[in-house]
Amino acid sequence: MSHKARIGASLAVLVLMLVMAPAAKADPVQIVTSTGGFQLLGMGNNGHSTTNPNFDALFGAAHSDLNVADSLGDSFTSVLNPLLFTAGFTGFGSGGAYQFSFSQLLTVNGQTQTLNLLATLTVTAVQDSIRVTGVDPLIFQFDTFSVTATVLPTTLHAGENGEFRDFLCAQFFIKPNPDTTVPEPTTMLLLGTGLAGVAAKIRKRRKAKA
């Protein structure tokens, strides 16, 4: 076999190997989330009368969760806090809407940031309700990937005096860092084709010089 033929065969084998190579898959990573909890007391009290501070109060219990995700790109929903909303009489003329900004600590795989939240309490003669939303997503940066936490809005309704429960959750998105992204088979094929083209140009120049 001539030298030219051997080079061509080697390049063909290289391209074939690149085409057949499967996309690399990162090992699953454990994502541990935990929150510190919060409590908002007597939110509907307009100050015109003395009422129980535990009426129209929202409690968010501290919580930890363990999730398994792919560091090359994944998403999951995790509980931030079990919620308890206690409704009751908050004073004459206390009907209306009240907004409260508050925060708690959110830890993801050992990194801790402040999660800012917004609560909107609506008091009517029929029922009280409270809606909790996030202000801005949080981004946790690690060596090979980042985790973005976005709070999912939740609303609790209270028709009568009592306790009402739900969960405050967040959507977590895993994204690989650009410098750690593993090339897909199509990218590898293009690389192999490019190498073959370079080799062909080298052979052409050598032939022209000869």
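This report describes the strands, two buried aspartates, the aromatic pairs and one long-range contact in a predicted model.

## Overall make-up

The protein contains two helices and 12 strands. Along the sequence, the elements follow the pattern α-β-β-β-β-β-β-β-β-β-β-β-β-α.

Of the 210 residues in the protein, 33% are buried. Among contacts between residues at least 6 apart in sequence, 67% join residues at least 24 apart.

## The six-stranded sheet

Six strands form an open sheet in the order β4-β1-β6-β7-β8-β11, and their pairing is antiparallel. The edges are held by β4 (63-70) and β11 (154-158); each has a single partner strand, so one side of each has no neighbour in the sheet. From one strand to the next, the twist averages 25°.

Within this sheet, β6 (residues 96-108) and β7 (residues 111-123) are joined in the antiparallel sense by 13 bridges. G96 has V123 in β7 as its bridge partner. Strand β7 also pairs with β8, again in the antiparallel sense, over seven bridges. Here the bridge partner of L117 is G134 in β8. The connection from β7 to β8 is a hairpin of four residues.

## Strand β8 and D128

Strand β8 covers residues 128-134, and D128 belongs to it. Five of the seven residues of β8 are buried, which leaves the strand mostly covered. Towards the edge of the sheet, β8 pairs with β11 in the antiparallel sense over five bridges. In that pairing, D128 stands opposite A158 of β11.

D128 is buried but takes part in no salt bridge. R131 carries the nearest side chain of opposite charge, and that side chain is 16 Å away. The cut-off for a salt bridge is 4 Å between a side-chain nitrogen of Lys or Arg and a carboxyl oxygen of Asp or Glu. Leaving aside neighbours within four places in sequence, D128 is in contact with D56, F85, G88, T122, V123, L156, H157 and A158.

## D56 in the loop between β2 and β3

A second buried aspartate, D56, is found in the loop between β2 (38-40) and β3 (57-60). D56 also lacks a salt bridge, and the nearest side chain of opposite charge, that of R165, is 15 Å away.

Not counting residues up to four places away in sequence, D56 touches L40, G42, M43, G44, F85, T86, A87, G88, T90, L121, V123 and D128. The contact with D128 links the two aspartates, both of which are buried without a salt bridge. F85, G88 and V123 appear among the contacts of D56 and also among those of D128. V123 is in addition the β7 residue that bridges to G96.

## Aromatic pairs

The whole structure holds three aromatic pairs. In one of them, the ring centres of F38 and F102 are 4.7 Å apart and the planes meet at 50°, so the pair is tilted. Tilted pairs are those whose planes are neither under 30 degrees apart, which counts as stacked, nor over 60, which counts as edge-to-face. F38 is in strand β2 and F102 in strand β6, with their positions 64 residues apart in sequence, and the pair thus links distant parts of the chain. Both phenylalanines, F38 and F102, are buried.

F142 and F145 form another tilted pair, with 5.3 Å from centre to centre and 35° between the planes. F142 has a relative accessible area of 16% and is therefore buried. F145 also counts as buried, at 7% relative accessibility.

## F173 in strand β12

F173 is located in strand β12 (residues 162-176). Its relative accessible area is 40%, so F173 is partly exposed.

Although F173 and D74 are 99 residues apart in sequence, their C-alpha atoms are 6.0 Å apart in space. Not counting residues up to four places away in sequence, F173 touches D74, S75, S146, V147, T148 and T150.

Technical notes
Residues numbered from 1 in each chain as written. Predicted model: local features only at pLDDT ≥ 70, side-chain atom pairs only at ≥ 80, totals over all residues. Heavy atoms only, no water. Pairing = 2+ DSSP bridges. Axes fitted to C-alpha atoms, helices over the stretch in contact; angles between N-to-C directions. Buried < 20%, exposed > 50% of the residue type's maximum accessible area, 1.4 Å probe, protein only. Lys, Arg positive; Asp, Glu negative; His and termini not counted. Contact = heavy atoms within 4.5 Å. Phe/Tyr/Trp six-rings, centres within 6.5 Å; stacked < 30°, edge-to-face > 60°.
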